[in-house]
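Reader: I am new to this structure. Please take me through it with a close look at one part, then connect that part to the rest.

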Amino acid sequence: MRLILLGPPGAGKGTQATSIVKEYGITHISTGDIFRHNIKNETELGKKVKAYLDNGQLVPDELTIDLVWDRLSKDDCKNGFLLDGFPRTINQAEALQKGLEERGLKLDRVVNIDVDKNILVKRLSGRRVCKDCGETYHIDNKPTAKEGICDNCSGEVIQRADDNEKTVLDRIEVYEKQTFPLIDFYTNLNLILTVDGTLPIEDVFSQIKESLSTNV
């Protein structure tokens with residue numbers, strides 16, 4: 001099964017991605033992971049990525065696409081994959097479609113986790129993280145037993161700089177501008193599968209499983 005996972009920051013993509021790859025025995029591919037792997041291993045593509053990042057620049061589509069295809073060519077992707085964080089733009093989506101067609105492959109579904117903007121802001125701005133062990137909390141849904149102290153390691157629990165309300169709204173706005181057009185793109189290809197991301201985690205995954213079983 002070949003899938004793409006779409007959804008704004010705070011939609012719960014990471015949680016659902018874990019369940020999807022386990023259920024279907026496919027490989028989870030994140031562009032962030034690809035960048036880190038290639039930079040760490042000092043590959044030729046990784047050196048190019050590092051040069052852009054070190055200069056505070058976005059990695060160009062062409063380089064990102066090359067990195068993704070390099071990853072998709074590995075043996076662990078032969079039985080399927082879940083792309084998370086790619087494509088982000090129409091240009092990337094068109095390049096992916098062209099590459100799949102050239103290889104005689106096709107996407108099965110594009111899973112879009114839909115969550116209202118107000119709920120996303122509340123989710124993300126209420127998120128807290130332990131500075132020491134990385135355990136995550138939420139002031140409403142998963143508060144610490146003792147305010148500001150991690151239940152797991154007694155470290156200091158803080159709000160990340162990018163989780164303040166203004167930054168969260170900026171991140172959502174960037175997503176909407178770049179990625180919302182992808183929903184139309186994949187709708188026109190009859191591939192989009194939208195699920196309600198406001199439901200409990202287990203119910204969101206049940207929606208995904210049911211839709212995949214009836215549509216693939």
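Reader: Is L193 buried or exposed?

Author: This is a predicted model. L193 counts as buried, because its relative accessibility is 5% and the cut-off for buried is under 20%. The residue sits in strand β8, which covers residues 192-196. In sequence, L193 is 187 residues away from L6. In space, the C-alpha atoms of L193 and L6 are 9.8 Å apart.

L6 leads on to the pockets. Strand β1 spans residues 2-6. That strand supplies at least two residues of the lining of the largest pocket. So do four helices: α1 (13-24), α2 (31-40), α4 (61-72) and α7 (165-188). The volume of this pocket is about 1,100 Å³. Its lining counts 34 residues. Nearest the centre lie K13, T31, D84, G85 and R88. Sorted by class, the lining holds 13 nonpolar, 14 polar and seven charged residues.

The second largest pocket comes next. It holds about 670 Å³ of space. Its lining has 24 residues, and G10, G12, R123, H138 and N141 are the closest to its centre. Helix α1 supplies at least two lining residues here, and it does so for the largest pocket as well. The other elements that give at least two are α6 (117-125), β6 (136-138) and α8 (201-215). Helix α6 has the largest share, with four residues. The classes here are nine nonpolar, eight polar and seven charged.

Strand β6 also belongs to a sheet. The sheet is open and has three strands, in the order β6-β5-β7. Their pairing is antiparallel. At the edges stand β6 and β7 (157-158), and each of these pairs on one side only. Strand β5 covers residues 127-130. Three bridges join β5 to β6. Within this pairing, R128 stands opposite Y137 of β6.

Now the cysteines. A disulfide is a covalent bond between the sulfur atoms of two cysteines. The whole structure has zero of them. Take C133. Its closest cysteine sulfur belongs to C150 and lies 3.7 Å away, too far for a bond, because a disulfide needs sulfur atoms within 2.5 Å. With 36% relative accessibility, C133 is partly exposed. Next, take C153. This cysteine is in no disulfide either, and the nearest cysteine sulfur, in C130, is 3.6 Å away. C153 is partly exposed too, at a relative accessible area of 35%.

Last, helix α3, which runs through residues 44-54. Like L193, three of its residues are buried: L45, G46 and V49. Looking down the axis of α3, the buried residues fall within an arc of 95°, so they line one face of the helix. The face turned away from that buried side carries E44 and D54, which are exposed.

To return to the start: L193 is a buried residue of strand β8. Its C-alpha is 9.8 Å from that of L6, and L6 falls within β1 (2-6), one of the elements that supply lining to the largest pocket.

Terms used. Residues are numbered from 1 along each chain as its sequence is written. This is a predicted model: local features need pLDDT of at least 70, side-chain atom pairs count only at pLDDT 80 or more; totals for chains, interfaces and linings use all residues. Side-chain values use heavy atoms; hydrogens and water are left out. On a 1 Å grid over the protein atoms alone, a cavity is a set of points where a 1.4 Å probe fits but cannot get out, and a pocket is an open set with protein on both sides within 12 Å along at least five of seven lines; lining residues have an atom within 4 Å of a point. Grid points are joined across faces, edges and corners, and a volume is the space filled by probe spheres set on the points. Ala, Val, Leu, Ile, Met, Phe, Trp, Tyr, Cys and Pro count as nonpolar, Asp, Glu, Lys and Arg as charged, and the others, Gly among them, as polar. Buried means under 20% relative accessible area, exposed over 50%, partly exposed in between (1.4 Å probe, protein chains only). Two strands pair if DSSP finds at least two bridges between them. The arc is that of the directions from the helix axis to the C-beta atoms.
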